[in-house]
Amino acid sequence: MIDTNTTGHGKWSSRFTYILAATGSAVGLGNIWKFPYITGENGGGAFVLVYLACVLVIGIPIMMAETMLGRRSQRNPIEAMELLTKEASADSHWHYLGWMGVIAGLLILSYYSVIAGWASAYVLKAFTGSFIDADATAIKSLFDSFVGSPIQLIFWHTLFMLATMVIVVRGINNGLEKAVQYLMPALFVLMFLLVAYAMTTDSYFKGLHFLFSPDFSKLTGNSVLTAMGHAFFTLSLGMGAIMVYGSYLSKDISISKTVYLIAGADTVVALLAGIAIFPIVFENNLHPSSGPGLIFETLPIAFGAMTGGWLMGVLFFIMLAVAALTSSISLIEPAVAWLVENRGFTREKACLWSGGATWFLGLGTVFSFNVWSDFKLFDRTLFQLLDYLTANLMLPIGGFCIAVFAGWIMNAKHSEEELAMQTPAGFQVWKLLVSYVAPAAVFLVFLHVIGVL
Ligand code: TRP
């Protein structure tokens, strides 16, 4: 994907590969696994509305900012921040932002890989016909016995981490590039088919109602934080992934247009997932708030019941695993790029170290679903703690700093040049959002959560 065959920094072969890779990074477990279950846990409609608002006024402007910082510097996030602070003659402390990003990426990947392992395991379960004619109870016990087994989870987590490392080692990989080219559109088609199935159930409108009719009494401070954090998570923002991808982008491509495309596709996939899942939830008297297992406890019921469901089940979980893979490579790439470019590691060694450490950390998430499920810190399991720390705290803080840097520190002439918006007014709107609206929104949500507001 990324051409790193020269000693320097790579370049995307075209605008299309960039869009593909960045969409691949954005669309993943966040859309299909996480969005439905956190929507279920946070009461539906009102949460969805806050999430959409955050994507629009915080996510999109920050995505442009992050891409721009990467492309301007043509460096990995740590070096990028060093270079850009020098260019703006600003305080050198800004490079800690790059550091936080690298660490956040590895922390996220440690649990992301475990869940992606579930998706991979479900390919096999679908293939061997485990879902055929199974009812909700059978599907639930299948899931419970699966996550109850540390050995199985470790096996699939290991497999997924290895797959990630193999791809990242290669840098540019025609196989994956080609595969994504077909699999991403295929994922779209399959999501539509699942929505079509959801339409045939009696609970279709109940599902839609849950998703789209906001009941603001269900919204707590923490759900607003979760919605905002998820806007960062789903767009891969706040930790340098998009910065690294932007740094491989050539100068003649419009950042704003590509960002609209990527954010749009990402949002559509998440909404389709929600529309497909909630009717099945209500139809089978399941609880929307059943947590991280939600899609694994609902979609197999649909696959087991519908004609052609065997094939759809197999295909769906393959695509989910591939969508996760194209995201996971962007979670590890900032660390690898830095080790290679600044520490003189070979790509192999860099992947081995960062992948190995992440794999080890992932064991914590594996055990938090079984042997350590009663072990809680701040009322959360290890998995929940990692998710909260990264998605709800580190990414918004990273995003806040990126917005402040792009809006206040970087020379406006430079940012205008990089963004090359079609109209001057477009640039002014972006500048307003990134300098005031996005940082203020993040700040206010934090104040609200700690109880000051
Ligand atoms: N956006 C991906 C998803 O929704 C996850 C992801 C990939 C990510 N790279 C990231 C999240 C960087 C935060 C930061 O599944």
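**Note on two buried residues and two helix pairs**

1. In this predicted model, a polar atom in the side chain of S330 lies 2.8 Å from the backbone oxygen of S327. The side chain of S330 also takes part in a polar contact of 2.9 Å with the side chain of S25, and so S330 should be looked at with both of these partners in view, since each distance is within the 3.5 Å that a polar contact allows.

2. S330 belongs to helix α14, which covers residues 309–343. The relative accessible area of S330 is 2%, and because buried means under 20%, this residue counts as buried. When the neighbours within four places in sequence are set aside, the residues in contact with S330 are S25, M239, A241 and Y245, so that S25 appears here as well as in the side-chain polar contact described above.

3. A second residue to examine is T365, which has its place in helix α15, residues 347–368. Is T365 buried or exposed? With a relative accessible area of 0%, T365 is buried. Its contacts, again leaving out neighbours within four places in sequence, are with Y111, V114, F383 and L386. One of these, V114, is also among the residues of α5 that meet α7, and that helix pair is the subject of the next point.

4. Two packed helices are described by the angle between their axes and the distance between the axes. For helix α5 (residues 95–127) and helix α7 (residues 150–170), the angle is about 105 degrees and the axes are 7 Å apart. Because angles of 65 to 115 degrees count as roughly perpendicular, α5 and α7 are described in that way.

5. Which residues of α7 meet α5? They are Q152, L153, W156, H157, F160 and M161, and on the side of α5 the residues include L109, S113, W118 and K125. Sorted by class, the contact of α5 with α7 has 10 nonpolar, six polar and one charged residues.

6. The other pair is helix α10 (residues 221–234) with helix α18 (residues 424–449), whose axes cross at roughly 145 degrees and come within 9 Å. The crossing in which α10 passes α18 is left-handed. From α10, the residues G221, N222, V224, L225, M228 and F232 meet A441, V442, V445, F446, H448 and V449 of α18. By class, this contact of α10 with α18 has nine nonpolar, three polar and no charged residues.

Terms used
Residues are numbered from 1 along each chain as its sequence is written. This is a predicted model: local features need pLDDT of at least 70, side-chain atom pairs count only at pLDDT 80 or more; totals for chains, interfaces and linings use all residues. Side-chain values use heavy atoms; hydrogens and water are left out. Axes are lines fitted to C-alpha atoms, for helices over the stretch in contact, and angles run from 0 to 180 degrees between N-to-C directions. Helices (H or I, at least four residues) and strands (E, at least two) are DSSP runs, numbered from the N terminus. Angles under 35 degrees count as roughly parallel, over 145 as roughly antiparallel, 65 to 115 as roughly perpendicular and the rest as oblique. Contact means heavy atoms within 4.5 Å. Ala, Val, Leu, Ile, Met, Phe, Trp, Tyr, Cys and Pro count as nonpolar, Asp, Glu, Lys and Arg as charged, and the others, Gly among them, as polar. Buried means under 20% relative accessible area, exposed over 50%, partly exposed in between (1.4 Å probe, protein chains only). A crossing is left-handed if the near helix is turned anticlockwise from the far one by less than a right angle, and right-handed if clockwise. A polar contact is a pair of N or O atoms within 3.5 Å; within protein, one must be able to donate a hydrogen and the other to accept it, and residues adjacent in sequence count only if both atoms are side-chain atoms.
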